[in-house]
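Q: Please take a close look at one part of this protein and set it out in detail, beginning at the surface and then turning to the aromatic side chains. A single connected account would be preferred.

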Amino acid sequence: MAKFEGNLGTHLLLLLVAVIWGTTWAVARFLSYGLDESTGANLGPATAAWLRYLVVVIAFVAWCWAYRNRNGPRLLPHDSQSWRYTVWLGLLGTMAYQLLFMHGMKWTAAGDASLIIPVNPVFTVLLAAPMLGQKVTKRMAFGLLLGIVGVSVVVGWSPNTDIPFEHRLLGDAMIVLAALAWATNSNLTKIALEEDGIGTTEELVIWYSIVGWIMLTPWMLAEIWSSGIPNPNTAEWGSIVYLGLFSTVLTYVWFARGIDRIGPTAAASYVFLVPIFGVLSGWALLDESIGASMLVGFVLIVMGVREVQRESERVRVD
């Protein structure tokens with residue numbers, strides 16, 4: 001208890017991170033679809049993702065500039081090996097994830113999507129088998145099965161029946177693919193960091209954010225070509241800044257600080273609060289429904305994730 005009180009500020013900061021990440025789903029749904037169904041959103045999903053990462057890139061460049069004389073992160077990769085990893089990470093962790101995430105939020109409910117994305121750690125561990133040579137055990141497979149059942153409950157018995165089932169199915173499938181892209185990105189990041197002289201975690205994130213933003217540009221231009229130049233309103237500009245500055249840059253720094261102060265396991269536990277705030281923000285901001293199936297699906301997904309994570313830790317120790 002005394003240890004918790006000594007780190008109370010850190011725990012409150014991590015709680016704030018969970019709140020911000022949870023509300024990201026409702027804000028993304030607003031940008032991709034619009035609160036007013038008669039007019040829809042002024043921004044297409046690819047354009048919203050591009051503008052979000054414009055804010056991210058500006059913030060990261062400003063950070064590098066501010067710390068240029070204090071051994072801060074380098075703005076660009078320094079060799080061909082670093083560039084190779086950067087391109088792949090930008091493709092998976094920024095371009096693919098953001099396009100799937102924003103397009104998925106166009107079709108499904110924010111609360112539903114926020115419950116599905118926690119399955120990401122399961123994909124990360126299972127993809128570690130072909131990418132990192134980690135063994136996949138029967139308990140890991142059982143955890144994956146629990147996660148899949150949980151996702152199926154969320155998709156099949158969602159209380160948000162005002163959204164047509166085929167729309168939710170399409171959107172939820174995109175969110176699952178987004179989780180798969182991020183899991184691949186996570187394992188590739190680990191591989192990259194094991195290379196000598198590849199750079200720090202912060203440098204990799206900055207590099208692939210910039211490269212991924214450039215990769216998003218053709219998708220944004222194609223969207224504008226077909227739909228016309230958007231005219232975002234004040235709420236949409238505010239949402240873009242919120243997603244870029246708070247949900248991406250500041251929370252990354254805060255979460256890293258939390259890991260440094262209380263350890264990765266304790267910090268990671270706050271991630272399980274994200275879906276709760278995702279459901280609540282969808283209900284409060286978008287008037288989405290909350291049902292018992294969401295709780296059942298969430299419990300099954302969390303059980304599956306914890307089973308896979310515990311077994312993964314045991315395998316690494318053995």
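A: In this predicted model, I276 counts as partly exposed, with a relative accessibility of 38%; that value falls in the class between 20% and 50%. The residue belongs to helix α12, which covers residues 274-286. On the surface, I276 joins L280, W283 and I290 in a nonpolar patch, and the four together present about 380 Å² of accessible area. Membership of such a patch requires a relative accessible area of over 30%, a condition that I276 meets at 38%.

This patch may be set against the surface as a whole. The accessible surface of the protein chain is about 15300 Å², and carbon and sulfur atoms account for 67% of that area. Of the 318 residues in the chain, 50% are buried.

The aromatic side chains come next. A pair of aromatic rings is described by how far apart the centres lie and by the angle between the planes. Six aromatic pairs are counted in the model. In one of them, the ring centres of W25 and F101 are 5.1 Å apart and the planes stand at 80 degrees, so this pair is edge-to-face; the class calls for an angle over 60 degrees. Because W25 is part of helix α2 (residues 8-33) and F101 is part of helix α4 (residues 80-107), the pair ties together parts that are 76 residues apart in sequence. Both partners are buried: W25 has a relative accessible area of 5%, and F101 has one of 2%.

Another pair is formed by F60 and W63, whose ring centres are 6.2 Å apart with planes at 35 degrees, so this pair is tilted. Both residues lie in helix α3 (residues 45-66), three residues apart, which is about one turn of the helix. Their accessibility falls into two classes: F60 is buried at 2%, whereas W63 is partly exposed at 25%.

The rings of W25 and F101 also belong to a cluster, in which ring pairs link them with Y97 and W182.

The wider fold supplies the setting for these details. The protein chain contains 13 helices and zero strands, so every element in the order from the N terminus is an α element. Among contacts between residues at least 6 apart in sequence, 85% join residues at least 24 apart.

Notes. Residues numbered from 1 in each chain as written. Predicted model: local features only at pLDDT ≥ 70, side-chain atom pairs only at ≥ 80, totals over all residues. Heavy atoms only, no water. Phe/Tyr/Trp six-rings, centres within 6.5 Å; stacked < 30°, edge-to-face > 60°. Helix = DSSP H or I, 4+ residues; strand = E, 2+ residues; numbered from the N terminus. Buried < 20%, exposed > 50% of the residue type's maximum accessible area, 1.4 Å probe, protein only. Patch = residues over 30% accessible without salt bridge, like charges linked within 9 Å, V, L, I, M, F, W, Y side chains within 5 Å. Areas by Shrake-Rupley, 256 points an atom, 1.4 Å probe, with all protein chains shown as cover. Salt bridge = Lys/Arg side-chain N within 4 Å of Asp/Glu carboxyl O. Contact = heavy atoms within 4.5 Å.
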